[in-house]
Structure formats: C-alpha cells, structure tokens
Amino acid sequence: LQLLESQKILDENTTLKGMLNIQKEYQHFELAMGNIIYREHDNWTQTFTIDIGKNDGIELNDPVVHEDGLVGYISNVTDTTAVVTTILDSSASVSVNISTINEPAVVNGDLELKSKNKLKLTYIPLDTEIAVSDMLYTSGIGLMYPSSIPVGRIIEIINNKNDVNRYALIEPCVNVSKISEVAVIIN
C-alpha cells in the first residue's frame with residue numbers, strides 16, 4: 001500500500017512539473033492548465049477530452065499547447081470539459097512558417113499518417129528551398145493560432161523542387177499519444 005501511495009505521489013509530482021514547464025514556455029500568454037481525461041480511439045479522428053471547460057475561460061477554437069509545441073485546438077466545450085482536436089486529425093490544418101527561409105506553407109493532418117504520428121506539409125511555394133530538419137512554427141495567419149509556436153520538423157521531402165504536387169512529411173514536436181497535461185491559450 002505504501003508503494004502504491006509513493007507511486008501516486010511521484011506521478012502527481014511529474015504532472016505538476018510538466019504543468020510548470022508549460023507555464024514557463026508560454027509565460028507571455030494567459031493559460032488554463034488541464035489534464036487529459038479521455039482519449040478517442042477510432043480510425044478517423046485524433047481527439048481527446050480535458051478536465052477544464054467554459055467555467056475556466058475555455059472557448060471554441062482556443063489553441064492548445066504543450067511545453068514542446070502545438071497540440072491542437074478546442075473543438076467542443078462544456079462547462080467542465082473540452083474536446084481537443086489535435087493537429088494529427090485529418091480535419092486539422094495549420095498555417096506555418098519554415099524556419100530557415102521564413103516562407104509560409106500549410107501543415108495538414110492526414111488519415112494515413114496519423115497512426116505514425118506524422119503530418120503533411122503542403123502548399124510549399126515552387127521557388128522555396130526546403131531541407132530535411134527545417135523547423136516549422138505557427139505563422140499567426142488566421143485567427144486560431146498565435147505566431148511562433150513550434151509545430152514540427154521536416155523529416156522527408158517528396159518530389160522535386162519545381163513539382164506543383166511537392167509535399168513534405170513532418171514529425172510533430174509533440175507526441176500527443178504520450179502527453180497527459182496541456183495548456184489552453186485563452187484571450
């Protein structure tokens with residue numbers, strides 16, 4: 001019984017450290033901290049539910065982050081809980097800047113790639129030079145995500161420089177299947 005109690009205290013300590021790290025990373029934003037209480041397990045969506053909601057200032061489309069980067073956005077909210085649609089979901093897209101050249105592109109969730117924890121970078125300008133290991137950050141274009149939040153890193157480029165259908169595979173900064181706490185950027 002003492003061993004179980006000790007493990008519970010260690011787990012709680014790890015969670016609190018994670019929340020503190022998130023607050024440090026995003027100290028220039030107003031945050032609401034939440035724990036994941038349910039993960040959706042189906043072939044089509046990539047969502048989870050957190051233990052904070054309208055009573056905590058959460059609204060639809062608020063961005064959700066982890067200390068390592070962007071997680072997704074609030075897609076449904078009740079008084080005490082909220083559903084987070086992650087950037088891995090096939091309905092999600094994020095306007096990003098490519099770090100080395102500050103060029104815009106779009107990161108999309110992909111049904112085939114979500115199980116591999118990968119994303120697809122599309123709408124890459126034809127004259128843009130990109131390379132494996134280039135970092136992607138939110139561009140701030142649109143109203144959903146503020147700029148400069150880490151999204152992922154290019155791990156493979158498909159097709160050549162002048163191909164209109166060129167895209168890249170992205171490894172997200174956050175492995176959403178391994179996290180237990182997140183922060184919602186409010187206001």
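## A quick tour of strands, rings and a pocket

The charged end of R39 perches over the ring of F48, 5.9 Å from the ring's centre. That's a nice spot to start looking around this structure, which is a predicted model. From there we can follow the strands around R39 and F48, then visit some rings, a pocket and a few loop residues.

**Strands around R39 and F48**

- R39 is part of strand β1, which covers residues 30-39 and pairs with strand β12 (residues 181-186).
- β1 and β12 run antiparallel, and six bridges link them.
- To spot that pairing on screen, find M33, which stands opposite A183 in β12.
- β1 also has strand β2 (residues 47-50) as a partner, again antiparallel, this time with three bridges.
- Here you can look for Y38, whose bridge partner in β2 is T49.
- β2 pairs with strand β5 (residues 82-86) as well, in the antiparallel sense and over four bridges.
- In that pairing, T47 has T85 in β5 as its bridge partner.

**Which residues sit on the two sides of β2?**

- T47 and T49 are on one side, while F48 and I50 are on the other.
- That back-and-forth pattern fits a general rule: side chains in a regular strand alternate between the two faces of the sheet.
- Both faces of β2 are covered, and T47, T49, F48 and I50 are all buried.

**Rings and charges**

- How many aromatic pairs does a search of the whole structure find? Just one.
- The pair is made by Y26 and F29, with 6.4 Å from centre to centre.
- Their planes are 40° apart, and the pair counts as tilted because that angle falls between the cut-offs of 30 and 60 degrees.
- Is Y26 buried or exposed? Y26 is buried, because its relative accessible area of 3% is under the 20% cut-off.
- F29 has 23% relative accessibility, so F29 counts as partly exposed.
- R39 over F48 isn't alone in placing a charge over a ring: K120 lies over the face of Y167, at 4.5 Å from the ring centre.

**The largest pocket**

- The largest pocket has a volume of about 230 Å³.
- Its lining is made up of 15 residues.
- Want to find the middle? Head for E40, Q46, K114, V176 and S177, the lining residues nearest the pocket's centre.
- What kinds of residues make up the lining? Eight are polar, four are charged and three are nonpolar.

**Loop residues worth a click**

- As background, most residues other than glycine have a negative phi.
- N61 has a positive phi, near 70°, and is not a glycine.
- You'll find N61 in the loop between β2 and β3 (63-66).
- With a relative accessibility of 40%, N61 is partly exposed.
- S133 is another non-glycine residue with a positive phi, in this case near 85°.
- Where is S133? Look in the loop between β8 (119-122) and β9 (135-138).
- S133 is partly exposed, because its relative accessible area of 40% lies between the 20% and 50% cut-offs.
- G140 belongs to the loop between β9 and β10 (150-158).
- G140 is partly exposed too, with a relative accessible area of 33%.
- G140 and I98 are 42 residues apart along the chain, and 13 Å separates their C-alpha atoms.

Note on methods. Residues are numbered from 1 along each chain as its sequence is written. This is a predicted model: local features need pLDDT of at least 70, side-chain atom pairs count only at pLDDT 80 or more; totals for chains, interfaces and linings use all residues. Side-chain values use heavy atoms; hydrogens and water are left out. On a 1 Å grid over the protein atoms alone, a cavity is a set of points where a 1.4 Å probe fits but cannot get out, and a pocket is an open set with protein on both sides within 12 Å along at least five of seven lines; lining residues have an atom within 4 Å of a point. Grid points are joined across faces, edges and corners, and a volume is the space filled by probe spheres set on the points. Ala, Val, Leu, Ile, Met, Phe, Trp, Tyr, Cys and Pro count as nonpolar, Asp, Glu, Lys and Arg as charged, and the others, Gly among them, as polar. Rings of Phe, Tyr and Trp (its six-membered ring) pair if their centres lie within 6.5 Å; planes under 30 degrees apart count as stacked, over 60 as edge-to-face and the rest as tilted. Buried means under 20% relative accessible area, exposed over 50%, partly exposed in between (1.4 Å probe, protein chains only). A charge sits over a ring if NZ of Lys or CZ of Arg is within 6 Å of the ring centre and within 35 degrees of the ring normal. Two strands pair if DSSP finds at least two bridges between them.
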